[in-house]
Amino acid sequence: EDPEVVLEAVQTTYLREHPWTVAFTQENRTNEVLQDMVMRKGAGKATLEAFLNLEIALEADAWICTLHSNWCQLIDELRMTIGGKA
């Protein structure tokens with residue numbers, strides 16, 4: 001949701017002796033209102049991007065996201081129950 005978080009995660013990993021692989025989708029990350037984003041991208045593309053991001057988050061060994069976001073809370077709960085990664 002926040003492009004600065006992605007940039008910080010990528011920069012932080014390169015400082016390590018054994019860097020992590022950071023996976024993310026290339027998209028215009030903003031904190032715009034959901035309805036505005038769906039109007040701009042179209043419902044089909046917005047839905048596919050959401051499912052792609054969900055899939056990446058559930059497959060990851062580690063995950064960074066703010067729990068102030070409902071979307072991130074959903075992913076966190078799915079990782080704890082379905083993925084067993086909490």
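The points below set out what a predicted model of this chain shows, from its overall fold to its helix faces, salt bridges and surface.

1. Overall composition. The secondary structure consists of 4 helices and 0 strands. Read from the N terminus, the order of elements is α-α-α-α. Of the 86 residues in the chain, 21% are buried. Among contacts with a separation of 6 or more, 34% join residues 24 or more positions apart. The exposed area of the chain is about 6700 Å², and carbon and sulfur atoms supply 58% of that area.

2. Helix H1. The buried residues of H1 are Val6, Ala9, Val10 and Thr13. Viewed down the helix axis, these buried residues fall within an arc of 95°, so they line one face of H1. The face of H1 turned away from the buried side carries Glu4 and Glu8, both of which are exposed. The general geometry is relevant here: an α-helix has 3.6 residues a turn, so residues three or four places apart point the same way.

3. Length and faces of helix H3. H3 covers residues 43–59. For its 17 residues, a rise of 1.5 Å a residue gives an expected span of 24 Å, and the end C-alpha atoms are 24 Å apart, which agrees. The buried residues of H3 are Ala46, Glu49, Asn53, Leu54 and Ala57. Seen down the axis of H3, they fall within an arc of 135°, so they too line one face of the helix. On the other side of H3, the exposed residues are Leu48, Phe51 and Glu59.

4. Ala46 on the buried side of H3. Ala46 belongs to helix H3 and counts as buried because its relative accessibility is 10%, under the 20% limit. With residues up to four places away in sequence left out, Ala46 touches Met37, Val38 and Lys41. As a further distance for this residue, the C-alpha atoms of Ala46 and Leu34 are 9.5 Å apart in space, with their positions 12 residues apart in sequence.

5. Glu49, a charged residue on the buried side. Which residues does Glu49 contact, leaving aside its neighbours within four places in sequence? They are Glu27 and Lys41. Glu49 lies in helix H3, and its relative accessibility of 16% is under 20%, so this residue counts as buried. A reviewer may wish to inspect the surroundings of this side chain, given that Glu49 is listed with the buried residues of H3.

6. The salt-bridge network. The structure holds 2 salt bridges. In one, the side chains of Lys41 and Glu49 meet at 2.4 Å, N to O. In the other, Lys45 pairs with Glu49, and the closest N and O atoms are 3.9 Å apart. Lys41, Lys45 and Glu49 are thus linked in a network of salt bridges. In general terms, side chains of opposite charge can pair when their charged atoms come close.

7. Setting of the three charged residues. Lys41 is buried, with a relative accessible area of 17%, and Glu49 is buried at 16%. Lys45, by contrast, is partly exposed because its relative accessible area is 49%, below the limit of 50% for an exposed residue. Lys45 and Glu49 are 4 residues apart in helix H3, so about one helical turn separates them.

8. The loop between H1 and H2. This loop joins helix H1 (3–13) and helix H2 (34–41), and Trp20 is found in it. At 43% relative accessibility, Trp20 counts as partly exposed. Gln26 is found in the loop between H1 and H2 as well; at 71% relative accessibility, Gln26 counts as exposed. The C-alpha atoms of Gln26 and Glu49 are separated by 10.0 Å, the two residues being 23 residues apart along the chain.

9. Nonpolar surface patch. What makes up the nonpolar surface patch of about 260 Å²? Trp20, Val22 and Phe24 make it. Trp20, described above as partly exposed at 43% relative accessibility, is thus one of the residues of the patch.

Technical notes: Residues numbered from 1 in each chain as written. Predicted model: local features only at pLDDT ≥ 70, side-chain atom pairs only at ≥ 80, totals over all residues. Heavy atoms only, no water. Patch = residues over 30% accessible without salt bridge, like charges linked within 9 Å, V, L, I, M, F, W, Y side chains within 5 Å. Areas by Shrake-Rupley, 256 points an atom, 1.4 Å probe, with all protein chains shown as cover. Salt bridge = Lys/Arg side-chain N within 4 Å of Asp/Glu carboxyl O. Helix = DSSP H or I, 4+ residues; strand = E, 2+ residues; numbered from the N terminus. Buried < 20%, exposed > 50% of the residue type's maximum accessible area, 1.4 Å probe, protein only. Arc of directions from axis to C-beta. Contact = heavy atoms within 4.5 Å. Expected span 1.5 Å × (residues − 1).
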